[in-house]
Amino acid sequence: MASTTNGTTNGTSRGTRRGSDGARGTAGASQAAPPGPAAVLPESYGYRVKKHLLGKPLVTEQLHSEKLSNPIALGVLASDCISSSAYGSEQMLVVLIPAIGVAAFTALIPVTMAILCVLLLLTLSYRDVVMAYTRAGGSYVVARENFGPRVAQVAAVALLIDYIVTVAVQAAAGTDALVSLIHLLAGGARLTVLDDDKLFITVGVVLLLCWGNLRGIREAGRSFAMPAYLFMGAMALMLVTGFTRYLLGDHSRIDVHTPGMLPMGHDTHGFFYGASLLILLRAFANGGSSLTGLEAISNGVSAFRAPQGPNARRTMVAMSCVLGVCVLGVSLMAHITHATPYVAQTPTVISQEASWAFGGGWIGTTGLVFVQLATALILYTGANTSFNGFPFLASFVADDSFLPRQLTRRGHRLAFSNGIIVLTVVSLALLIATRGSLNALVGLYAIGVFSGFTMAGAGLVRHYWRLREGSWRAKVALNGAACGVSLAVALIFAVTKFTEGAWIVVVVFPIGVWALIKVNKRYREEAAALAAAEAGATLPAAGRQEVYILVDRMDLAVLKAIRYARSLRPAQVRAVHMVVDAHEAKRLAAQWDRTEVGDLPLEMVECPDRRISRAVLELVNRRTCEQGAQVTLLIPERNYSPVLGRLLHRRTADHIARAVGKLPDVVATIVPFDVTEAHTPAPGRAGGSGATRHEPGARRA
């Protein structure tokens with residue numbers, strides 16, 4: 001099999017261009033040059049920019065895993081989950097209020113209780129996950145170990161979608177919290193400029209998170225745990241103050257007819273008549289967004305201190321308790337205060353509750369500012385958890401050859417940079433497509449989340465059914481129930497929110513699974529083809545070695561290719577020009593005759609249809625078939641500045657190398673010549689061209 005432009009031969013040529021001084025010159029040297037002092041190799045402009053933005057590169061030895069104590073792990077890993085209580089109850093009211101009006105505040109409580117029952121069931125299930133599987137990866141690892149890697153791609157796609165939507169939802173909700181604070185501090189006046197600029201703020205936050213993670217910010221330490229504990233403290237302060245105020249006799253309510261709030265529906269027959277089953281299911285589906293992030297601890301269980309399973313289980317229970325208290329508390333406060341969502345989504349329900357609970361004056365303002373800043377901070381921190389989870393999960397899937405292997409590579413600062421960039425691009429596209437609307441984004445949320453819950457429950461059922469140890473029947477029943485409920489919630493969400501954006505996930509989900517399986521099939525086919533040598537394949541006997549040099553003009557790049565060709569000492573060297581323009585061919589022939597290239601003639605091959613790659617392909621194929629020769633095709637390539645070079649010059653060498661590299665007995669080698677450095681005088685030497693600079697190890701043509 002011939003090597004192509006990105007294969008072994010050309011890869012070596014490209015890779016050694018800047019590796020050492022001798023690497024550039026030895027390719028064209030026929031005699032070793034005397035040793036001399038090593039020249040200072042310049043760094044590319046792009047690398048200098050990267051180092052300025054991201055800092056100095058970290059070496060692999062600096063990669064280490066910091067184990068987390070339970071309190072720190074709760075703050076670090078639970079941010080995504082706990083912060084969802086800031087918008088879960090509001091999303092239920094968004095559905096209920098336009099349908100049944102004031103009765104929505106009564107309906108909110110039973111719907112919340114149903115969600116808490118699901119929370120209890122999933123918590124019991126994930127307690128088993130973190131005990132049975134202490135590797136990072138969560139439901140993906142559970143599905144892979146019990147159903148195989150192909151079925152596990154359902155969990156992979158579910159989690160990847162979840163991480164992407166989490167960035168968009170958490171960032172949008174965090175911005176809503178900040179804008180709500182400004183609205184309330186302005187005395188309730190509508191600041192339409194802020195409403196219009198929310199998307200720009202959210203995009204800026206996502207870009208900032210991307211930059212921070214590319215610099216190597218790690219999801220460990222007190223700094224990342226602090227926002228979660230600030231939010232817990234703020235929620236406790238608001239709920240205690242609000243309920244105390246209510247119990248002391250303050251039964252005042254927020255005016256539900258305030259301009260800008262969602263219009264009230266009509267409920268003339270009482271709650272159970274006014275709310276149809278579809279409305280309740282839609283509200284339940286929206287409220288299911290409160291449970292997102294529940295799998296975060298199972299995804300990061302390997303970060304816990306030993307014993308990892310029991311510590312992760314305790315932290316899981318603590319996280320679920322905090323989430324349950326916050327969701328129930330916000331719903332009860334909404335029931336008491338009649339806090340109503342706005343059409344513009346700001347001020348938020350939780351900000352209205354905080355304003356009501358703390359009242360006026362500087363003390364009330366201080367409490368409101370504390371709650372809203374803590375809410376915004378934990379929401380943004382929750383978005384940051386995806387920047388840790390998505391790249392790691394993508395690297396796991398890529399290790400299994402279901403995603404491009406570039407996602408397994410650590411970057412400049414030891415982060416999975418490719419995964420971080422992919423997550424940023426897709427989440428920004430999602431934000432821009434929805435204009436940063438939290439209501440629109442929630443429609444995309446829970447399908448991926450509950451699909452992951454479903455796979456985890458099903459995997460545990462198979463796990464315990466296979467082991468049949470201890471109280472396995474009870475565990476099978478528990479996880480089977482968690483699997484069934486999760487699947488039901490995912491279906492409810494898909495049906496009730498289909499027209500509100502869920503159709504995108506419904507369509508993308510199977511396409512994503514299919515794409516991952518196709519990637520794996522391609523990798524397996526390539527591995528099978530490359531494994532022929534291990535199966536006893538033998539190399540064919542080497543034939544007559546010939547070198548062809550493609551000449552499109554007479555310059556230093558061609559002279560370098562000629563020097564390199566002669567250094568290979570083949571049986572024959574042939575210089576070939578593909579004639580596209582007869583006038584230009586005559587001019588080149590005259591110039592060739594005036595150049596001292598020894599006895600090497602320039603052969604002209606007609607190419608009337610201007611398909612240069614095809615003409616070269618036919619030429620070398622005919623030579624190998626008729627003469628049984630081994631052909632090395634040298635393609636001079638002129639390298640220009642990275643940005644303008646791609647705009648001003650064609651990549652013909654790459655196209656030709658890819659075409660002829662598919663032929664047997666043919667090796668396509670690109671011989672690079674850096675035009676930008678040829679015009680830069682070497683330090684301490686005169687001259688501005690490659691001919692007079694004498695690259696180390698090279699001679700004059």
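Helices here are DSSP runs of H or I with at least four residues, numbered from the N terminus. The model shown in these views is predicted.

**Figure 1. The whole protein has 29 helices and five strands.** Buried residues account for 51% of its 701 residues. The protein exposes about 32,300 Å². Carbon and sulfur atoms supply 63% of that area. Take the contacts between residues at least 6 apart in sequence: 81% of them join residues at least 24 apart.

**Figure 2. Helix α8, residues 139-147, is mostly covered.** Seven of its nine residues are buried. They are S139, Y140, V141, V142, A143, R144 and N146. Several helices take part in the cover, including α7 (104-132) and α9 (149-185). Others that cover the buried residues of α8 include α14 (296-299), α17 (361-399) and α20 (446-467). G148 comes just after α8 and takes a positive phi of about 95°.

**Figure 3. A network of salt bridges links R144, E145 and D400.** Side chains of opposite charge can pair when their charged atoms come close. R144 belongs to α8 and is one of the buried residues there. The protein's salt bridges number ten.

**Figure 4. Helix α13 spans residues 277-287 and has a set of buried residues.** They are I279, A283, F284, A285, N286 and G287. Which helices help to cover the buried residues of α13? Among them are α6 (85-100), α7, α19 (438-442) and α21. Helix α7 also helps to cover the buried residues of α8.

**Figure 5. Two cis peptide bonds lie in loops that flank helix α15.** Most peptide bonds are trans. A306 and P307 are joined by a cis bond, with omega about -5°. P307 sits in the loop between α14 and α15 (308-337). The bond from T346 to P347 is also cis, with omega near -5°. P347 is in the loop between α15 and α16 (349-358).

**Figure 6. H338 and R468 have positive phi values without being glycine.** Most residues other than glycine have a negative phi. Phi of H338 is near 60°. H338 is in the loop between α15 and α16. Is H338 buried or exposed? H338 counts as buried, because its relative accessibility is 9%, and buried means under 20%. For R468, phi is about 50°. R468 lies in the loop between α20 and α21 (472-496). R468 is partly exposed, with a relative accessible area of 46%.

**Figure 7. Four residues gather in a patch of positive charge on the surface.** The members are R150, K518, K521 and R524. Which helix gives the most to the positive patch? Helix α22 (residues 502-530) does, with three residues. K521 lies in this helix. With a relative accessible area of 38%, K521 is partly exposed.

**Figure 8. A nonpolar surface patch covers about 740 Å².** F498, W503, I504, V506, V507, V508, I511 and W514 make this patch. W503 is found in helix α22, the helix that gives three residues to the positive patch. At 43% relative accessibility, W503 counts as partly exposed.

**Figure 9. R245 and D250 meet in a salt bridge through their side chains.** The N to O distance is 2.3 Å. Both partners have some exposure. R245 is partly exposed, with a relative accessible area of 25%. D250 is partly exposed too, at 21%.

**Figure 10. The side chains of R553 and D555 form a salt bridge.** The distance from N to O is 3.9 Å. A salt bridge needs the nitrogen within 4 Å of the carboxyl oxygen, so this pair counts. R553 is partly exposed, at 37% relative accessibility.

**Figure 11. R587 and E584 pair in a salt bridge within helix α24.** The N to O distance is 2.4 Å. Helix α24 runs over residues 582-594. How many residues apart are R587 and E584? They are three residues apart, about one turn of the helix. An α-helix has 3.6 residues a turn, so residues three or four places apart point the same way. R587 counts as partly exposed at 43% relative accessibility. E584 is partly exposed as well, at 30%.

Technical notes. Residues are numbered from 1 along each chain as its sequence is written. This is a predicted model: local features need pLDDT of at least 70, side-chain atom pairs count only at pLDDT 80 or more; totals for chains, interfaces and linings use all residues. Side-chain values use heavy atoms; hydrogens and water are left out. Patches are made of residues with over 30% relative accessible area and no salt bridge: like charges are joined within 9 Å, nonpolar side chains (Val, Leu, Ile, Met, Phe, Trp, Tyr) within 5 Å. Accessible areas come from the Shrake-Rupley method with a 1.4 Å probe; for residues, only the protein chains shown count as cover. Lys and Arg count as positive and Asp and Glu as negative; His and the chain ends are not counted. The place of a charge is taken as NZ of Lys, CZ of Arg, CG of Asp or CD of Glu. Buried means under 20% relative accessible area, exposed over 50%, partly exposed in between (1.4 Å probe, protein chains only). Contact means heavy atoms within 4.5 Å.
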